[in-house]
Amino acid sequence: MLRRVLIAVSLLGTYAALAQTPVARPKFDEFEVATVRPVDPDAHAGRMFKMDGTHRWVATNFTLRNLIALAYDMNPRTISGGPGWMETQYFNIEAITPGDVRPTRLEQMQMLRALLVERFGLKFHREQKEFSIYALSVAKGGPKLKAAEKPDDPPELYGVVYPGKIEVPAKGVTMDDFVAMLQRATLDRPTVNRTGLTGKYDFDLVWAQDETQYGGELAKAPDDSQSPPLFTAVQEQLGLKLEATRGMVAAMVVDEAAKPSAD
């Protein structure tokens, strides 16, 4: 049976309109209500987050470290400190968003950051540290990207995982959006944008995953997969290239965190 897993790299969001009258957007400072429950890490459930309708936000099978990486668009390796359970205890979150419109991904992350402070007591500070990184730049021959058809719409960037490949359809995406997805959930290193590209683009990226991606949580694609490896796909399909190097990255040091009380 074909297994499809929606990765927690979704950038879905739409603006609502009633009879062509703009609906006032709330500030989305915090969720109206949220339930945080610990889950069995041996349940082998896929990690994902999404808007389930207009007002319900869900995240499943996330550690606190993964939640921080999601909320702040960081590679988990750049997050240090905190208690040991930050990367061993898994949580499910169900939350209700305010107002009458569906929040964009950025608004969802704003509310998630508030939840991390309120429910997990998160306190941290930033430090510049040197890491092994991947740098995304334009390949020889130039980019193969199409200008976004609807650049004013919120960006859409999500991945669907199949046994032999990963498909990422992207709409209205900047290179910063793309790099954020790569470093937050896909690659095993922090990733930086050195393309110099400032536009919004539509593209489709398809590759065969390996065991270094998604924190080793996905099975490697079969050797006979017809899709290329990620680095090859990025160059052939997008006209970009990923190169391993070293560089300074804004890292996070967790000073305090506590398990949330039972709901």
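**Exercise 1.** Does Lys200 count as buried, partly exposed or exposed, and at what relative accessibility?

*Solution.* The structure is a predicted model, in which local features need pLDDT of at least 70 and side-chain atom pairs count only at pLDDT 80 or more, while totals for chains, interfaces and linings use all residues. Residues are numbered from 1 along each chain as its sequence is written, and side-chain values use heavy atoms, with hydrogens and water left out. Buried means under 20% relative accessible area, exposed means over 50%, and partly exposed is in between, with a 1.4 Å probe and protein chains only. Lys200 has 35% relative accessibility and therefore counts as partly exposed.

**Exercise 2.** Locate Lys200 and describe its link to Pro151.

*Solution.* Begin with the loop between β14 (191-193) and β15 (201-207), where Lys200 lies; strands are DSSP runs of E with at least two residues, helices are runs of H or I with at least four, and both are numbered from the N terminus. Next, compare the separations: Lys200 and Pro151 are 49 residues apart in sequence, and 6.2 Å apart in space from C-alpha to C-alpha. Finally, take the atoms: the side chain of Lys200 reaches the backbone oxygen of Pro151 at 3.0 Å. Contacts (heavy atoms within 4.5 Å) of Lys200, leaving aside neighbours within four places in sequence, also include Lys146, Gly172 and Thr174.

**Exercise 3.** Determine which strands β9 is joined to, and in which direction they run.

*Solution.* Two strands pair if DSSP finds at least two bridges between them. Strand β9 (residues 123-138) is joined by 16 bridges to β16 (residues 240-256), and the two run antiparallel, with Leu136 opposite Leu242 of β16. Three bridges join β9 to β14 in a parallel arrangement, where Ala135 stands opposite Val192.

**Exercise 4.** Establish where the buried residues of helix α4 sit and what covers them.

*Solution.* In α4 (residues 230-238) the buried residues are Leu230, Ala233, Val234 and Leu238. Because these residues cover an arc of only 100 degrees around the axis, they are on the same side of α4; the arc is that of the directions from the helix axis to the C-beta atoms. An α-helix has 3.6 residues a turn, so residues three or four places apart point the same way. The cover over the buried residues of α4 includes β9, α3, β15 and β16. Of these, α3 (residues 175-186) is itself mostly covered, with 10 of its 12 residues buried, among them Phe178 and Leu182. Just after α4, Gly239 takes a positive phi of about 70 degrees.

Note on methods:
A polar contact is a pair of N or O atoms within 3.5 Å; within protein, one must be able to donate a hydrogen and the other to accept it, and residues adjacent in sequence count only if both atoms are side-chain atoms.
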